[in-house]
Amino acid sequence: MKHVRAAITYALFPVTFFGALWGALVGIQLELSKWLVLAGITASSAVVVAVCERIHPVHRGWNRSRSDVGTDATHALVSMILLPYFLEMILATSLLVVAIQLADVVGFALWPNQWNLLAQLVLAMLISQFGEYWVHRMMHECPLFWRFHATHHSPGRLYWLNAARFHPIDTAIGHVSALAPILILGAGSEVLLLVSVWVMVHGMFQHCNIHLRLGPLNYVFSMAELHRWHHSRKVSEANANYGNNIIFWDIVFGTRYHPPDREASSVVGLADLDRFPQDYVGQILSPFRWNKITGEGEPAMGSSSREDDPAANGG
Ligand SMILES: [Zn+2]
Ligand SMILES: [Zn+2]
């Protein structure tokens, strides 16, 4: 069992992640339906992560349900399946016209379709994650937007299904910021499939309750070791590691946070929002009932208390 745990710690993420990309490339070669490939890879990765959380958790307490599975499953249905599906269809159709017109104006195709697919994927991630980085940072630093993002930081434990806990408006803004630039540039459907596979698999591992060690890959991915700091109850630790899928833009803008001498706490969630609803409907309505949740006149995470914190912009 010792060797199994060591293999999970060091090899599970890279093997599953690169295996998923390889599976997607095979699906593309076989001309399978994009949604079938994505659903198959997401479902099998979810099983792998959920099983390994039982075998080798980083915190045993996080494996105990807190009546949150139903809420997270509903978020998964809306913010991981339905909303991305319809948003991508609408954006791909409407922005195709813009992409064609833009290519006409400049006189050549802006997207390097002749590149190897994996090189196109890296380019797509760098461009799409630039927008997502700033949207995510704005969600933390602007009190109005924090109302919508607080849902994602509301769970008191981290496990694979937390990857889906997003207010739909938060999901919509993030998706548009990530997808619109690469669609306007003319990225093809094959690249979009690889991006979706990256986002799905990475998201589950990012929130998983598995003891992982990525070593130097922590300078590439925004993985669990980094993201657990982002779910800290301390604003000075949580306002960092904004990258949803890569850590590149945090390195560039100085918000990468990974202390070498200590681990992120097992106590996660919203420090000043004990009344934050834990049911799905309550979370959907929460931005519009903000004063009731925060308590009128009291400082809360995302409002005046963050601005007063000198380390509020991360570390
Ligand atoms: Zn966040
Ligand atoms: Zn998260």
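These legends walk through close-up views of a predicted model.

**View 1. Five histidines hold the zinc ion (ligand 1).**
Welcome to the first metal site. The NE2 atoms of His 136, His 140, His 149, His 153 and His 230 coordinate the zinc ion (ligand 1), at 2.1 to 2.2 Å. Along the sequence these donor residues follow the spacing H-x3-H-x8-H-x3-H-x76-H. Look for His 149 in helix α5 (residues 143-149) and His 230 in helix α8: the two lie 81 residues apart in sequence, so the pair ties together separate parts of the chain. His 149 and His 230 are both buried.

**View 2. The zinc ion (ligand 2) sits among four histidine donors.**
Here the ligating atoms are NE2 of His 152, His 207, His 227 and His 231, at 2.0 to 2.1 Å from the zinc ion (ligand 2). Their spacing in sequence reads H-x54-H-x19-H-x3-H. Why is the arrangement around this ion called irregular? The 4 donor atoms subtend angles of 96 to 147°, and a tetrahedral label would need all angles to lie between 85 and 135 degrees. For orientation, ideal angles for four tetrahedral donors are 109.5 degrees.

**View 3. Two zinc ions share the frame, 5.9 Å apart.**
This view brings the zinc ion (ligand 2) and the zinc ion (ligand 1) together, with 5.9 Å separating them. On the ligand 2 side, His 207 and His 231 link distant parts of the chain, 24 residues apart. His 207 belongs to helix α7 (residues 189-207), while His 231 is found in the loop between α8 (224-230) and α9 (235-238). How accessible is His 207? Its relative accessible area is 2%, so His 207 is buried. His 231 is buried too, at 1% relative accessibility.

**View 4. Trp 35 meets Tyr 85 edge-to-face.**
Among the 20 aromatic pairs in the structure, this one has ring centres 4.7 Å apart and planes at 65°, so it is edge-to-face. Trp 35 comes from helix α2 (residues 34-55) and Tyr 85 from helix α3 (residues 69-106), so the contact ties together parts 50 residues apart in sequence. Both partners are partly exposed: Trp 35 has a relative accessible area of 32%, and Tyr 85 has 31%. Do not miss Lys 34, which lies over the face of Trp 35 at 5.0 Å from the ring centre.

**View 5. Trp 249 and Phe 253 stack within an aromatic cluster.**
The two rings have their centres 6.0 Å apart and their planes at 25°, so they count as stacked. Because they are 4 residues apart in helix α10 (residues 248-253), about one helical turn separates them. Trp 249 is buried, with a relative accessible area of 16%, whereas Phe 253 is partly exposed at 32%. Pan around and you can pick out the other members of the cluster: Phe 130, Tyr 133, Trp 134, Tyr 242 and Phe 248.

**View 6. Arg 157 places its charge over Tyr 159.**
In this small close-up, the charged end of Arg 157 sits over the ring of Tyr 159, at 3.7 Å from the ring centre.

**View 7. The largest pocket is lined by 40 residues.**
Its volume is about 890 Å³. Which residues lie nearest the centre of the pocket? They are Ser 79, Pro 84, His 175, Val 199 and Met 200. The elements giving two or more residues to the lining are α2, α3, α4 (117-141), α6 (168-185) and α7. Of these, α7 gives the most, with 8 residues.

Note on methods:
Residues numbered from 1 in each chain as written. Chains lettered and ligands numbered in written order. Predicted model: local features only at pLDDT ≥ 70, side-chain atom pairs only at ≥ 80, totals over all residues. Heavy atoms only, no water. Donors = N, O, S within 2.8 Å, 3.2 Å for Na, K, Ca; no water. Tetrahedral: all angles 85-135°; square planar, octahedral: opposite > 155°, others 65-115°. Buried < 20%, exposed > 50% of the residue type's maximum accessible area, 1.4 Å probe, protein only. Phe/Tyr/Trp six-rings, centres within 6.5 Å; stacked < 30°, edge-to-face > 60°. Lys NZ or Arg CZ within 6 Å of the ring centre and 35° of its normal. 1 Å grid on protein atoms, 1.4 Å probe; cavity = no way out; pocket = protein on both sides within 12 Å on 5 of 7 lines; lining within 4 Å. Points joined across faces, edges and corners; volume = space filled by probe spheres on them.
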